[in-house]
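Okay, thanks for coming, everyone. I'd like to walk you through a model, starting with the big picture and then going down to side chains.

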Amino acid sequence: TDEIMQQEIRPLVAVDIIEQLHRQFAILSGGRGKDGAPIITFPEFAGFSDIPDEDFLNVVTYLTSIPSLEAASIGFIIIIDRRRDKWSAVKASLTRIAGAFPGNLQLVFVLRPSRFIQRTIADIGIKLYRDDFKMKVPIIMLNSVSDLHGYIDKSQLTRELGGTLEYGHSQWIHHRTAIENFAMTVKTTAQMLQTFGTDLAETELPNDVQCTEELLSAHTDHHSKLKDELKLAVKQGATLLTCIREPVTRSANSKLSPDELENVATVERLLAQLDETEKAFDQFWTKHHLKLEQCLQLRHFEHDFREVKLALDNLMEGQAGFADIGDSVTRVEHLLREQKQLEEKGQEPLEKAQSLALHGEQLIQNNHYAVDSIRPKCVELRRICDDFTNETKKKYDILGKSLELHKQLDKASQWCEAGIYLLASQAVDKCQSQEGAETALVEIEKFLVTAKEHQLSNPKEFYNQFDMILTPEIKANAQRILQKLEDVQEMFDKRQVSLKKLAAKQTRPVQPVAPHPESSPKRASPKITRPA
């Protein structure tokens, strides 16, 4: 039913009745009456009465649909040329026109038969049958084209009617079909653009890079094809306009008929519609293309974010594994080297993260539609980078403190061992003399001068300085070494007291205090449980 209705509603076009138009039993020459009324001419046509009613109605309906509504509302002027025919042909023509003319009539001119007897019959017939024609407009019987010139200017009449109006029926049909084809092209192009625009508006944006690239490529290709169609349509319209204006272009004295001027206006209007359609389409495409490009940017950003985030998480996990602060100088130095390697390993992902965050901020500055998705990711990337940098600095500080601590403990332990060795190396028999005792005292005093360089600070200062890294194991080791320092210092004090007595040449020889066997430099001193 819809198809039937569309067929009924669709107006006639030249191509539908091309054969009937070529028979030329009715023409719209483009001439106008003095008040602008369009003129339809029925030239001499031998088989006029044999034309099927449907063909006659289609042609006349088509011709009356061509002039503008303003011109058609004035009313049509009909010229029936039957100079070489009989009264019967005149009667048949008037009867058919009166019964089937679809437009608003203003005047009917009849060029009656030129032969005397037929003219006489026509004069009598028109008086007898005027009412039978059912025309509410004047029917003016003319003897010659000269009489016609009294009503219509010669410039509005074709050469066949003694006028000067240039008219070629084949060219007229060609122009009509070209104009209607162009109008159909404009309509079809607009529908294609609208359909494509609807498809674009309803397209859901993909969630991955590959699909987004494919969609962008497909839409861009389709857009390019439609732009080519638009260019062809514009070229078609421009060529048609040139063809219609060709007589004026060829001769400065030529003028376009009112119908030709209307044809020009029609083509110009269609070109303007095409231009407006193209501008609207370009504007819509610009927005859609930008959205697709931004979508692709977003998908790339999200993909890169996932990769960088994974690398950063692995980096942070590796850093979290460095909980050990070392229990010796060697171990701490090894941990520092590992921390350095981790830091170097983290440079590339950190640089990528900073670069990606900067890229995300540039997208935001360029008014990306997904600001709410991009900004939190940029913040997270910078936070992780800052966390890694701060944690690395903290690790270096802790390991640096640990290295300093163990170096101090090692120096203090080495000093104790050296002191014990010194005491053990002083032979008892050599210290019995005054000279031997004084020599031993000098050795001890020289060694004790180095105590400040190698000994630990007092326990309170030591614990305050290294409190942040004092694990139970390190604290126990530090207490052991502090106790050892105290014991060695006590040994030196006792040895000095003994040697000073010998140096004073007391009558009673003083027995030097020998170090405990277990304090020899080849054996580690026993662990002292007494608090420091």
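Let's start with how the chain meets itself. Count the contacts in the protein with a separation of 6 or more, and 78% of them come from residues 24 or more positions apart. Bear in mind that this is a predicted model. The protein has 532 residues, and 42% of them count as buried. For secondary structure, we get 17 helices and 5 strands.

So what happens with those strands? There's an open sheet of 5 strands with mixed pairing, and the order is E1-E2-E3-E4-E5. E1 and strand E5 (139-142) are the edge strands, each pairing on one side only. From one strand to the next, the twist averages 25°. As a quick reminder, strands of a sheet pair through backbone hydrogen bonds, either parallel or antiparallel.

Look at strand E3 (residues 76-81) and strand E4 (residues 105-111): these two run parallel, joined by 6 bridges. If you want a spot to click on, isoleucine 78 stands opposite valine 108 in E4.

Now the helices on that sheet. H3 packs on the sheet and touches E1, E2 and E3, with its direction at about 155° to that of E2. Helix H5 (residues 87-100) packs on the sheet as well, touching E2, E3, E4 and E5, and its direction makes about 155° with that of E3.

On to the aromatics. How many aromatic pairs are there? The count comes to 14. Take phenylalanine 25 and phenylalanine 48, an edge-to-face pair at 6.4 Å centre to centre, with 75° between the planes. Why does this one tie together separate parts of the chain? Phenylalanine 25 is in the loop between helix H2 (18-23) and strand E1 (27-32), while phenylalanine 48 is in the loop between strand E2 (38-42) and helix H3 (53-65), so the pair ties together parts that are 23 residues apart in sequence. Both phenylalanine 25 and phenylalanine 48 are buried.

Phenylalanine 48 has another partner, phenylalanine 56: the ring centres are 5.8 Å apart and the planes sit at 90°, so that pair is edge-to-face too. Phenylalanine 56 is buried, as is phenylalanine 48. Zoom out a little and you see a cluster, with ring pairs linking Phe25, Phe42, Phe45, Phe48 and Phe56.

What about charges around phenylalanine 48? The charged end of arginine 82 sits over the ring, 4.8 Å from its centre. Arginine 96 lies over the face of phenylalanine 48 too, at 5.8 Å from the ring centre.

Two more stops. Glutamate 262 is in helix H11 (residues 258-320). The side chain of glutamate 262 makes a polar contact of 3.1 Å with the side chain of serine 68. Leaving out residues up to four places away in sequence, glutamate 262 touches Arg32, Ile66, Pro67, Ser68 and Ala71.

Last one: alanine 183, which you'll find in helix H8 (residues 169-202). Is alanine 183 buried, exposed or partly exposed? Its relative accessibility is 29%, so alanine 183 counts as partly exposed. Its C-alpha atom is separated by 9.7 Å from that of alanine 233, and those two residues are 50 residues apart along the chain.

That's my tour, and I'm happy to go back to any of these spots on screen.

Conventions
Residues are numbered from 1 along each chain as its sequence is written. This is a predicted model: local features need pLDDT of at least 70, side-chain atom pairs count only at pLDDT 80 or more; totals for chains, interfaces and linings use all residues. Side-chain values use heavy atoms; hydrogens and water are left out. Rings of Phe, Tyr and Trp (its six-membered ring) pair if their centres lie within 6.5 Å; planes under 30 degrees apart count as stacked, over 60 as edge-to-face and the rest as tilted. Helices (H or I, at least four residues) and strands (E, at least two) are DSSP runs, numbered from the N terminus. Buried means under 20% relative accessible area, exposed over 50%, partly exposed in between (1.4 Å probe, protein chains only). A charge sits over a ring if NZ of Lys or CZ of Arg is within 6 Å of the ring centre and within 35 degrees of the ring normal. A polar contact is a pair of N or O atoms within 3.5 Å; within protein, one must be able to donate a hydrogen and the other to accept it, and residues adjacent in sequence count only if both atoms are side-chain atoms. Contact means heavy atoms within 4.5 Å. Two strands pair if DSSP finds at least two bridges between them. Axes are lines fitted to C-alpha atoms, for helices over the stretch in contact, and angles run from 0 to 180 degrees between N-to-C directions.
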